[in-house]
Amino acid sequence: MATTITMPQLGETVTEGTVERWLKKPGDAIDKYEAFVEVSTDKVNSEVPSPVTGTIREFLIAEGTTVATGTPIAIIDEVAVAGKSTNAEPAAASAPAPASTNGHSAATPAPVHAGAPEQALRGASPAVRRLAREHHIDVGAIRGTGANGRVTAEDVLAASRTAPARPASGTSTYGEPVPGTLIPLAGARRIIAERMVESKHAAPHAWSMVEADVTNAWKWRSREKDDFERETGYKLTLLPFFIRAVVESLGAFPLMNARFAAPPASSGQAGIYVEKDVNIGIAIGLATNLVVPVVKHADKLSIKGIAIASGELIDKARRNKLSADDLQGGTFTVNNNGANGSYASAPIINAGQAGIVTMEAIVKKPIVTEDDAIAIRHMMNVCLSLDHRVVDGYVASRFLTDLKRRLEAMGPAGVL
Amino acid sequence: MAVSASSKVMNNVETVRETLHEAMKNDDRTVILGEDVGDRGNVFLITKDFVKEFGPERVIDTPIAEASIVGIAVGMAMEGLRPIAEIQFADFIYPAFNQIVGEAAKTRYRSNGEYTCPLVIRTPYGGGVRGALSHSVSIEALFYHVPGLKIVAPAFPADVKGLLNAAIDDPDPVLFLEHKKTYRLIKGEVPGGHYTIPLGKADVKKAGTQLTVVSYGLYVHWALEAANQLETEGISVEVVDLRSIRPMDRGTILDSVRKTRKLLIVHEDNKFGGVGAEISAMVAEEALFDLDAPIRRHCAPDVPAMGYALPLEEEYMSSPAEMAEAMREMVRF
């Protein structure tokens, strides 16, 4: 029977494609999954495999022609494969499957038991699939005790009890570590490891800490948060307030917004490059890795502007939607380590920057005020790691004190 | 529900009678109306001697006119009485369809909350009693599509009392279905004193781990009989008695299915578009990834009615043995 091949959709937002080159001629035999056409779009060029095995009867459009996705482009006379049903519907040529972004392999269906009449039900049930995924069990490797050898949910649980599954190479999840197994170094984890070593080796880290009274900033934030969330959809944390203060302090101490250009620098000249822009990286810890998206030109943004920009980036990070551009161009980094309960930390500088500051946990403490009274205030430690090649304690400490002063001057009311 | 010292063993007919009698005694707004509820004392003798005690103004014999029975009761309810209308057999409820669906169920909505319709419509339903075409039907699926209507179908005497009291107290219309075959067959401990069981709460009648069986009415008893048989074979089945068909207790059903991972629904009504279809859809929507087997409905065949001839009636009705076999198949799957 004849199968009509349509222009595949090579990407979520792609609506048309151009036939660059036919890789076969009418009359040629073609195997399923064998490439038969090269298609280009404004995003990618791709060879497209045939969804069926057969003989090419006809090409319906000429090379160089652009058509909408779904438009018929070729007809293939399908060779009936024994035991395989044919499909009279137009088949979209199967686009190359995107590389799986899933951290672990999905459960494979249970083995086929030929000849059983209830073949339609032999597949892994939704519960089996879910449990197999959760317990890192390969369903294909289990003996099923259900009807016709079906692997049951209980079989998966039994398998997970008797032999903790060994994650197949490259398929482990950092998120659900299995004791006694090696998680292969791959992707983001490898890059993080390399960059941390690079920074810690190259940049002599020095460390300092101040304690800031953020009672009024906290009050201001509490006053604004409901309206802000209603208006923008993002939660208002203390982070944008903090970034605003950091940005102002960086303006006062431009050497903190700089980088050490070690010889041989790209310019061929060693030195300290003082950055023109103020782009603040926000360290965001995810279950499996760490990303540092960048609020560009943070010095040009109000607290509200920073809140929206950072809210957007955090949201994208959690949905794994950050673009390369979102991650580039940082000149200084802020880490809200206090969100995880930390009270003080010694962060590693993001390589190519002069420093990194952390916001630590906000703790209510009895404080002796200037007029010798005791008051309960919201206190927060601010920690700084600096590249001692770029600045010394003299600048760094004054920068920190300046930051503390600005934080303490914020609120309890104002315009975001 | 606290079992008081005055609890006693009763069958479902006695329980309905006693509960109605209490309601008549406790609240003189309560009115019973229907065919043969007065002098005859109802065809199952549920309201026997009520008319002597409460008089013909509160125990009203009506003509054979179901639309009027419910229509009058709707008016009574809207104007402050607490009518309990009886349709002598559920098979004859159709003339009152408009009064139930078009009027009673919509009163609160239509009047923007100014009027409610605190009406109970009691009716015996169900087969297995050689009732043939006109004394065997299940009507729940015809009504459970309708928002604004509550439907109750208890299986046990203690539930009958608590749910009938709740139905009478409820400010909106409740269709109260009494399975005929359980009337005198099923006996059970019924607590004394006034108590209610919330409408819309299912009850796990038997706990189990390998399969959830959801049912209501007579079939709860048969499902329990089958499940107890399977217990001797080492198979553990949980039996959920819906008690209320609408509102449906999604939580109890989902909790059970999430535990056992398999769901069998058994009901006497036809399969197509039946109550089981809604339960099945709900579980598929809410708990797909907990399911280890396709949901199965063990229900009546899609034939127009239950035949009179015994083989036809038996073919239509399930049995504890058939249910046990369906359960075994599900557990083996």
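Colleague: Where in chain A does H136(A) lie?

Modeller: H136(A) belongs to the loop between α1 (126-135) and α2 (153-162) of chain A, where helices (H or I, at least four residues) and strands (E, at least two) are DSSP runs, numbered from the N terminus. This is a predicted model, in which local features need pLDDT of at least 70 and side-chain atom pairs count only at pLDDT 80 or more, while totals for chains, interfaces and linings use all residues. Residues are numbered from 1 along each chain as its sequence is written, chains are lettered from A and ligands numbered from 1 in the order in which they are written, and side-chain values use heavy atoms, with hydrogens and water left out.

Colleague: What is the phi of H136(A), and is H136(A) buried or exposed?

Modeller: H136(A) has a positive phi of about 55 degrees although it is not a glycine, and because its relative accessibility is 16%, H136(A) counts as buried; the cut-offs are under 20% relative accessible area for buried, over 50% for exposed, and partly exposed in between (1.4 Å probe, protein chains only). In chain B, A132(B), which is not a glycine either, has a positive phi near 60 degrees. A132(B) sits in the loop between β5 (120-125) and α6 (140-143) of chain B, and with a relative accessible area of 16% it is buried.

Colleague: Which peptide bond leading to P412(A) is cis, and which one leads to P247(B)?

Modeller: The bond from G411(A) to P412(A) is cis, with omega near 5 degrees, and P412(A) is in the segment after α7 (393-409) of chain A. The bond from R246(B) to P247(B) is also cis, its omega being near 0 degrees, and P247(B) falls in the loop between β12 (244-246) and α10 (250-260) of chain B.

Colleague: How should I read a salt bridge, and how many salt bridges are there over all chains?

Modeller: Side chains of opposite charge can pair when their charged atoms come close. The rule asks for a side-chain nitrogen of Lys or Arg within 4 Å of a carboxyl oxygen of Asp or Glu, and by it the count comes to 48 over all chains. One of these joins R389(A) to D387(A), N to O at 2.8 Å; R389(A) is partly exposed at 27%, whereas D387(A) is buried at 1%. Another joins E229(A) to K235(A), with the closest N and O atoms 3.0 Å apart; here E229(A) is partly exposed at 32% and K235(A) is exposed at 61%. D28(A) and K25(A) meet at 3.9 Å, N to O, with D28(A) partly exposed at 21% and K25(A) exposed at 54%.

Colleague: Which residues are linked with R244(A) in a network of salt bridges?

Modeller: The network links R244(A) with E248(A), D402(A), R405(A) and R406(A).

Colleague: What does the side chain of T30(B) reach?

Modeller: T30(B) is in strand β2 (residues 30-34) of chain B and counts as buried because its relative accessibility is 1%. A polar contact is a pair of N or O atoms within 3.5 Å; within protein, one must be able to donate a hydrogen and the other to accept it, and residues adjacent in sequence count only if both atoms are side-chain atoms. The T30(B) side chain reaches the backbone oxygen of D27(B) at 2.8 Å, and a polar atom of that side chain lies 3.2 Å from the backbone oxygen of A23(B). Taking contact as heavy atoms within 4.5 Å, and leaving aside neighbours within four places in sequence, T30(B) touches A23(B), M24(B), R58(B), R82(B) and I84(B).
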